[in-house]
Every structure is written in structure tokens, then in C-alpha cells.
Amino acid sequence: LSNAQVLFSASFNRYFLNLIRESHIMSNVNANAENRVSKINDIKEELEKILSVSSFFENPELIENLNEEGFMPIAYLLALPSFQSLTACVDDIVNAALESTVLDVSSDKTSIRFAIPVERKTIIIRDTPKDVKEEDVRSILEGFPITGLKQEVGSSWFITFPDEATALAALSYLHSQRLHDQPVKARVKSEFYRKALASRMKEYEESLPKRKLSVAAAPFTMP
């Protein structure tokens, strides 16, 4: 072979070897990416399983680890055997929860919760004149559908609407209204997550099939 042919053959071999090396690298990258996606999906499924109404109902101790807003610390989740077997870390939990449509991540990304849409449907009008009556409150909200109205201690009125959108529209309108020549002081009543969760759990319990006693079972009597 001529020197030119030898040089060309050597260059071609180096080029070919580089192609093979790059191909292996890309294969490893793709395999790692696929493994990563699979791991995050497994973690997401485990999160959705643990942070669910049925899970809370069957494992009441989980509720003890929720804060007032319903968030469970990621540190607690990572200590559970199922997440240890998945070798999950904080970033894995956060990324998996962000992929879910039924989970929320706290603003500081340190805790996760089961997402429950909590509608704010009640407006509180406070510090009203003592002679204000129900018809007065209804008159300033004429045109708005009211599903509940009651007076509480301290000259406050609680008005409930069919949904949050209607309640917020009514609130905006009330800010420009007056009751017996006094400006209306109104705000939306806060709805608590734990109350909404308790309602979901009660609905779940009621949906469970009722256990029937065997016809051969002896009737229970008080001792």
C-alpha cells in the first residue's frame, strides 16, 4: 500500500471507532433517560397511592403527619419503606409530584399533598348596624343567587353562593355598596383543607359496601 492509502486507512479506522464510541455513549444516555422516566413514574404512582382518600381512611396514622394545609413532609415520605426501596430522593419526589394531576407541591418544595379543590363559596359581612335585617342584606345582593344566609354573633352575616365564581363576583360588588348608610365590610370565608378531606373520607366510607352478617351468626347482646 502507498503512504497515502495507509494514512487514509488509519484516518478511516479512527473515524469509524469514534462513531462506535459515540453510538455507545448515546445508547447509555438514552438508557439512563428511560430508566429515569420509569423511576419517576414509579414514584408518582406510589405517591398517588399513599396520598389518597382510601389510604388515609385505611391508615389514619398518615393524617397525623399532615399540616393544617394538608401537606405531608417529604422527609416523612422518604422514610417510608416503599420510597426507600425506590431509592427516591427529595428531587425525585418533587419531580414525580409535579407530573401528577392529583398532587400539589408546597411553595418551598418540602412537602406534598393530595389535591382537593376547596371552593370558597361563603362571604362574611361584618360590623353591620344592629338594626340590619335579612331583607336588607338580600336587597343589596339582588340578582345574585343565594343558597344560604344566616346572622351570627357580633352583627355578622354569612352568605353562601352556589360556587366560588359567584361568591367572588358578589364580593367585588359589595365593596361598592352600603348598608344603612355605612360601607359594607365583606370578605370571603376561609375554607379549611382538613374539613374538605374529612368530607371526602366520609363520602368514601359511605361508598363502601355494607358488611352483612351471616344468617348463622349469633345476634350480639350487651353483657
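The following exchange between a visitor and a guide concerns selected strands, helices and loops of the structure above.

The model is predicted, so local features require pLDDT of at least 70 and side-chain atom pairs pLDDT 80 or more, while totals for chains, interfaces and linings use all residues. Residues are numbered from 1 along each chain as its sequence is written, and side-chain values use heavy atoms, leaving out hydrogens and water.

Visitor: What is the order of the open sheet of three strands?
Guide: Helices (H or I, at least four residues) and strands (E, at least two) are DSSP runs numbered from the N terminus, and two strands pair if DSSP finds at least two bridges between them. Strand 1 (72-73) and strand 2 (103-105) are the edge strands, each pairing on one side only. Two bridges join strand 1 to strand 3 (residues 111-114). With antiparallel pairing, the order is 1-3-2.

Visitor: Which residue of strand 3 is the bridge partner of M72?
Guide: Strand 1 and strand 3 run antiparallel. The bridge partner of M72 in strand 3 is I112.

Visitor: Which residues of strand 9 are buried?
Guide: Buried means under 20% relative accessible area, exposed over 50%, and partly exposed in between (1.4 Å probe, protein chains only). In a regular strand the side chains alternate between the two faces of the sheet. Along strand 9 (residues 185-188), K185 and R187 point to one face and are not buried. The residues that point to the other face and are buried are A186 and V188.

Visitor: Which residue stands opposite A186?
Guide: Strand 9 pairs in the antiparallel sense with strand 4 (residues 122-126) over four bridges. Opposite A186 stands I125.

Visitor: Within what arc do the buried residues of helix 7 fall?
Guide: The buried residues of helix 7 (residues 164-174) are T166, A167, A170, L171 and L174. Seen down the helix axis, they line one face, because the directions from the axis to their C-beta atoms fall within an arc of 140 degrees.

Visitor: Which exposed residues does the opposite face of helix 7 carry?
Guide: The buried residues of helix 7 are covered by elements including strand 4, helix 6 and strand 9, through contact (heavy atoms within 4.5 Å). The face turned away from the buried side carries A165 and S172.

Visitor: What is the phi of D181?
Guide: Most residues other than glycine have a negative phi. D181 is found in the loop between strand 7 (178-179) and strand 8 (182-183), and is exposed, with a relative accessible area of 67%. Its phi is positive, near 65 degrees.
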